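Hi there,

Here is the structure I promised to pass along. Have a look at it first, and my notes come right after.

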Amino acid sequence: MRNTVKKFLGAKSGNFAVMTAMLAFPLMAGVAMMVEYTNLSDNHSRLQHAVDAAALYVGKYNLEHDKLPSTDDVQSFVVKNFEGDVSSVQILGQSKDSEEYSVVATSKAPQYFFSGLAPNVYNQSAEAMVPKGRATNLDVALVLDTTASMSVDGKLKALKTTAKDFLDDLTAVSNSNGEIRVGIVPFDHHVNVGTSNRNASWVDAPADRTRTVNQCRSKNVGGRRECSTTTYVRDGVKKTGRRCRWVGGTWTRTCSPKKVTDKWRGCVGSRSAPYTYRDTAPNARFPGLLNVRCSSEITPLTEKLSSLKSKINKLRANRDTYAAVGVMWGLRILSPEQPYTESKNADNPSRVMVLMADGDNTRSNQLAKNDPRNNGRDGVAGDKSTKAACDEAKNKGIAIYTIAFGKTISSRGQEVLKYCATTADGYFLAKDAKGLKDAFDEILAELTKLRLTG
């Protein structure tokens with residue numbers, strides 16, 4: 001017997017094949033289970049979104065026609081939005097005592113590997129309720145980080161794709177009673193209110209001016225230029241560039257007068273205390289900054305959601321991060337007071353800010369130096385300001401959802417975003433494009449509930 005075992009163990013070629021076959025089965029089974037689990041999760045998520053939209057359809061139809069749509073019509077609505085097999089659809093809550101209607105749909109998820117095993121696991125259901133009344137209006141501010149760190153790892157492209165999908169999903173939800181308005185606040189370490197607001201009562205922007213300066217240039221004659229590769233940090237992200245210097249030769253310097261134009265491009269700085277983190281007192285005007293470039297222009301709230309896609313397509317990644325200004329201007333477009341007055345929900349809980357940032361604060365304000373520009377380099381001070389801005393927004397009744405996007409945001413940056421979220425469930429860590437899409441989908445589901453329940 002001992003000799004037989006030794007011979008078996010010694011026969012490496014055949015033995016390896018047997019062992020490989022023995023190990024392959026549990027490995028394949030594990031992969032199959034992961035695929036099935038993902039399939040089940042995806043099927044239920046899509047079913048829930050379709051049922052949420054169907055509940056809004058039922059509510060709108062009831063208000064417009066003083067009766068409910070037929071069950072067949074609702075089932076067709078669910079099937080169209082679900083893009084899958086729907087076993088049944090029910091409309092519950094039709095008794096006079098009920099204060100809401102409920103749409104319940106069932107679907108059997110497709111089975112890829114375990115056909116016939118645990119069939120009940122694949123029978124899924126989803127439910128959504130709508131009050132017997134008018135759905136609440138909803139105002140949403142998308143506060144989006146467009147700093148230099150968004151230019152790496154495909155983050156800006158992922159943001160554009162996901163944000164446009166989010167608008168499409170909100171459009172589907174908005175096909176009901178009540179309005180949904182969305183505005184966009186791109187930010188770096190300043191924001192852009194647009195040059196069209198130069199003469200607004202809340203802006204203090206100096207006039208463009210042309211002046212003459214003595215411009216000097218240096219030129220090297222007879223030397224050679226030596227260059228080497230170097231690394232530097234921009235907005236918290238390491239980048240590679242070239243550093244050059246001249247060796248030998250003679251330097252000459254020539255100067256001549258030149259006309260230059262100081263121009264306002266729509267960028268504004270921070271207001272001094274006590275108005276730094278407030279949306280009130282429009283008479284305390286926002287300082288316009290000459291010769292400063294900043295992010296794309298703020299888009300105020302609008303119910304024309306499809307028009308926002310072109311704004312998202314124009315987003316560019318540049319400069320540094322000071323998230324406090326993004327939060328404060330998110331609050332300002334959600335407030336019915338100046339500088340933006342499009343919001344109609346001052347006393348309505350359905351005002352939402354979605355704050356997405358991909359890195360730590362690398363800038364801070366310079367108000368202590370009586371300078372309105374946010375060119376300070378104290379990122380920790382920037383964190384403190386961001387928290388103060390979030391406190392102000394939450395105190396005004398705005399629900400804040402936050403997303404930490406990418407792999408470069410540190411625990412410090414994540415802590416700020418966790419603090420800013422209204423609830424613990426309102427903070428999301430999205431390490432890649434899929435995570436970003438999942439986060440926006442979760443937020444959409446929460447906004448749908450908020451709209452349904454008022």
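Below is what I found, starting with the whole chain and moving on to the disulfides.

Please keep in mind that this is a predicted model. The protein has 454 residues, and 44% of them count as buried. Its secondary structure comprises 9 helices and 19 strands. Among contacts between residues at least 6 apart in sequence, 75% join residues at least 24 apart. The accessible surface is about 23900 Å², with 51% of it belonging to carbon and sulfur atoms.

Now the cysteines. There are 4 disulfides, and counting bonded cysteines along the chain gives the pattern 1-4, 2-3, 5-6, 7-8. Here are three of the links in detail.

Cys216 and Cys255 are joined with an S to S distance of 1.8 Å. This pair ties strand E8 (residues 209-221) to strand E11 (residues 250-262), with the two positions 39 residues apart in numbering. Cys216 is partly exposed because its relative accessibility is 28%, and Cys255 is partly exposed at 42%.

Cys227 bonds to Cys244, S to S 1.9 Å. Cys227 sits in strand E9 (residues 224-234) and Cys244 in strand E10 (residues 237-247), 17 residues apart. The torsion about their S-S bond is about 110°, so this disulfide is right-handed.

Cys390 and Cys420 form a disulfide with S to S 2.1 Å. It connects helix H7 (residues 379-395) with helix H8 (residues 411-420). Both cysteines, Cys390 and Cys420, are buried, and their link is right-handed with 90° about the S-S bond.

Happy to talk it through whenever suits you.

Best wishes

Conventions. Residues numbered from 1 in each chain as written. Predicted model: local features only at pLDDT ≥ 70, side-chain atom pairs only at ≥ 80, totals over all residues. Heavy atoms only, no water. Helix = DSSP H or I, 4+ residues; strand = E, 2+ residues; numbered from the N terminus. Buried < 20%, exposed > 50% of the residue type's maximum accessible area, 1.4 Å probe, protein only. Contact = heavy atoms within 4.5 Å. Areas by Shrake-Rupley, 256 points an atom, 1.4 Å probe, with all protein chains shown as cover. Disulfide = S-S within 2.5 Å.
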